[in-house]
Amino acid sequence: MAWFEKAAEAPARMPTEAVWTVCPSCKAYIEKMAWNAADKVCPRCNYHERLGCRERVALLADAGSFKEINAQVTVRDPLAFKDASGAYADKAKATAAKLGVGEAVLTGTAMLDNIPIVLGVMDFKFLGGSLGSGTGERIRLAAEKAVALKRPLILVTASGGARMHEGIVSLMQMAKTCAAIAQLKDAGLPYFAVLTDPTTGGVSASYAMVGDLNIAEPKALIGFAGRRVIEQTIKQKLPDDFQTAEYTLAHGFVDHIVPRKEMKAFLAKMLRYAGCGKTDG
C-alpha cells in the first residue's frame, strides 16, 4: 500500500528564537511578543533587560517629538590606538554603522508628557557605553542647549566607564561633563540622572551621580570599580547585593528606584514639581 510508504511532511515550525525569549536572569521562557510588550522586563523575576538608545527614547519621549542634536560630533582617535584585535577607529566606525548612532550617547530635544526637555541616552552596545571625547562633547553641548532653551536636562546612563582607547583625554570628560552640568544648575534648571544597568567607572564617578535627582532602574549595577577588584584590594567579602540599585539606595547614593513602566510618568511628575510644566514661549 503506497500510502504507507509515503514520507510524512514535516510540520511547519517557527524557529525557537522567533517565538521565545529566554530571560538572562531567571532563564524563564517568555513569549517574544509578551517580552516586547513589557518593554523587555521579565514578568517572572522583574529583570530589566538593557535597551538600545533609540528604544529608550521611544519609551520616554512623546511620539514624534525627539529631534537629534549634535549628530556631527563623532568618535575621535587622538592616540591612533591599535591593539591585537585591530584599530580603534575601525571598530568605532563599524559600531556606528551597525547601531546607526555616531557615539555612545544619543542627544536631542524632546517632549516628555508635553514637557519640553533636552534628553541624552547612552547605549551600552556602543563600545560598552564608554565615555570618550565625543561622548563628553555631546553631553556638554546638550547641557548648553538646555541652558539656551531654558529646559531641564535628563541623561540616561549605561556605561562601563571611561574609554581607555583615548587615554587621558577620556578621563578629562569626567570634569568636562560635570562643569557643563554645573552651568545648568547655575541657570536654575533641573538635571535628572537615570541610572540603568550598568552605570560604572568614570561615568558613575561624574555626571551620573550629580543629578538633582538620581533615579535607578531595579537591580541595575551601579558602582565604580568591579567587585573582584575591590575584594582583592580590601581582602574582604562584599555583600551579595553590593553595587545593586537597591544597595546604593539604602546607602544614600540614589534617590529613587523606579520600574521601567513607571519611569516616564515619574519623571513627568518630578519635572512638574520642579516647575517645568510650561511649554516654550
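User: Why is Asp113 called partly exposed?

Analyst: This is a predicted model, and every value here is computed from it. Asp113 has a relative accessible area of 33%. Buried needs under 20%, and exposed needs over 50%. Asp113 is therefore partly exposed.

User: What makes Asp113 and Arg272 a salt bridge?

Analyst: Their closest N and O atoms are 2.9 Å apart. The cut-off is 4 Å, between a side-chain nitrogen of Lys or Arg and a carboxyl oxygen of Asp or Glu. The pair therefore qualifies. Asp113 sits in the loop between strands E6 (105–112) and E7 (115–122), while Arg272 belongs to helix H11 (residues 260–273), so the bridge ties together parts 159 residues apart in sequence.

User: How do you know whether Arg272 is buried, exposed or partly exposed?

Analyst: Its relative accessibility is 40%. That value falls between the 20% and 50% limits. Arg272 therefore counts as partly exposed.

User: What makes Lys176 and Glu137 a salt bridge?

Analyst: The closest N and O atoms of this pair are 2.6 Å apart. The limit is 4 Å, so the pair counts. Lys176 is in helix H7 (residues 168–186) and Glu137 is in helix H6 (residues 133–149), so parts 39 residues apart in sequence are tied together. The two residues also belong to a network of salt bridges that links Glu137, Arg140, Glu144 and Lys176.

User: Why is Glu137 called buried, and which class does Lys176 fall in?

Analyst: Glu137 has 11% relative accessibility. Buried means under 20%, so the label fits. Lys176 has a relative accessible area of 24%, which makes it partly exposed.

User: What does the salt bridge between Glu217 and Arg260 tie together?

Analyst: Glu217 lies in the loop between E10 and helix H9 (227–234), and Arg260 lies in helix H11, so the bridge joins parts 43 residues apart in sequence. The closest N and O atoms are 2.9 Å apart. Glu217 has 3% relative accessibility and counts as buried. Arg260 is buried too, with a relative accessible area of 5%.

User: How many salt bridges does the rule give, and what share of the residues is buried?

Analyst: The count comes to 15 salt bridges. Of the 281 residues of the chain, 47% count as buried.

User: Why is the seven-strand sheet called open, and what stands at its edges?

Analyst: The strand order is E3-E6-E7-E8-E9-E10-E11, with mixed pairing. Strand E3 (67–69) and E11 are at the edges, each with a single partner strand, so each has one side without a neighbour in the sheet.

User: How do you know that strand E9 pairs with E10?

Analyst: Two strands pair if there are at least two bridges between them. Strand E9 (residues 191–199) is joined to E10 by four bridges, and the strands run parallel. Val194 faces Ile215 of E10. The cut-off is met, so the strands pair.

User: Which strand does E10 also pair with, over how many bridges?

Analyst: E10 pairs with strand E11 (residues 256–257) over two bridges, in the parallel sense. The cut-off is at least two, so this counts as pairing. His256 in E11 is the bridge partner of Ile215.

User: What makes both faces of E10 count as covered?

Analyst: On one side of E10 (residues 213–216), Leu213 and Ile215 are buried. On the other side, Asn214 and Ala216 are buried.

User: How do you know that E7 and E8 pair?

Analyst: Four bridges join E7 to strand E8 (residues 153–159), and they run parallel. Val118 is opposite Leu153 in E8. Pairing takes at least two bridges, so E7 and E8 qualify.

User: What are the domains, and what area is buried between them?

Analyst: The domain assignment gives domain 1 (14–47) and domain 2 (51–273). Seven residues from domain 1 and seven residues from domain 2 make the contact. About 600 Å² is buried between them, and carbon and sulfur atoms give 46% of it. Asp39, Lys40 and Asn46 supply 67% of the area that domain 1 buries against domain 2.

User: What makes Lys261 and Asp39 a salt bridge?

Analyst: Their side chains meet at 3.5 Å, N to O. The limit is 4 Å, so the pair counts. Between domain 1 and domain 2 there are two salt bridges. Five residue pairs across the two domains are in polar contact.

Methods. Residues are numbered from 1 along each chain as its sequence is written. This is a predicted model: local features need pLDDT of at least 70, side-chain atom pairs count only at pLDDT 80 or more; totals for chains, interfaces and linings use all residues. Side-chain values use heavy atoms; hydrogens and water are left out. Buried means under 20% relative accessible area, exposed over 50%, partly exposed in between (1.4 Å probe, protein chains only). Domain bounds come from an automatic or database domain assignment. Contact means heavy atoms within 4.5 Å. Buried area is the accessible area (1.4 Å probe) that two parts lose on being put together, summed over both. A polar contact is a pair of N or O atoms within 3.5 Å; within protein, one must be able to donate a hydrogen and the other to accept it, and residues adjacent in sequence count only if both atoms are side-chain atoms.
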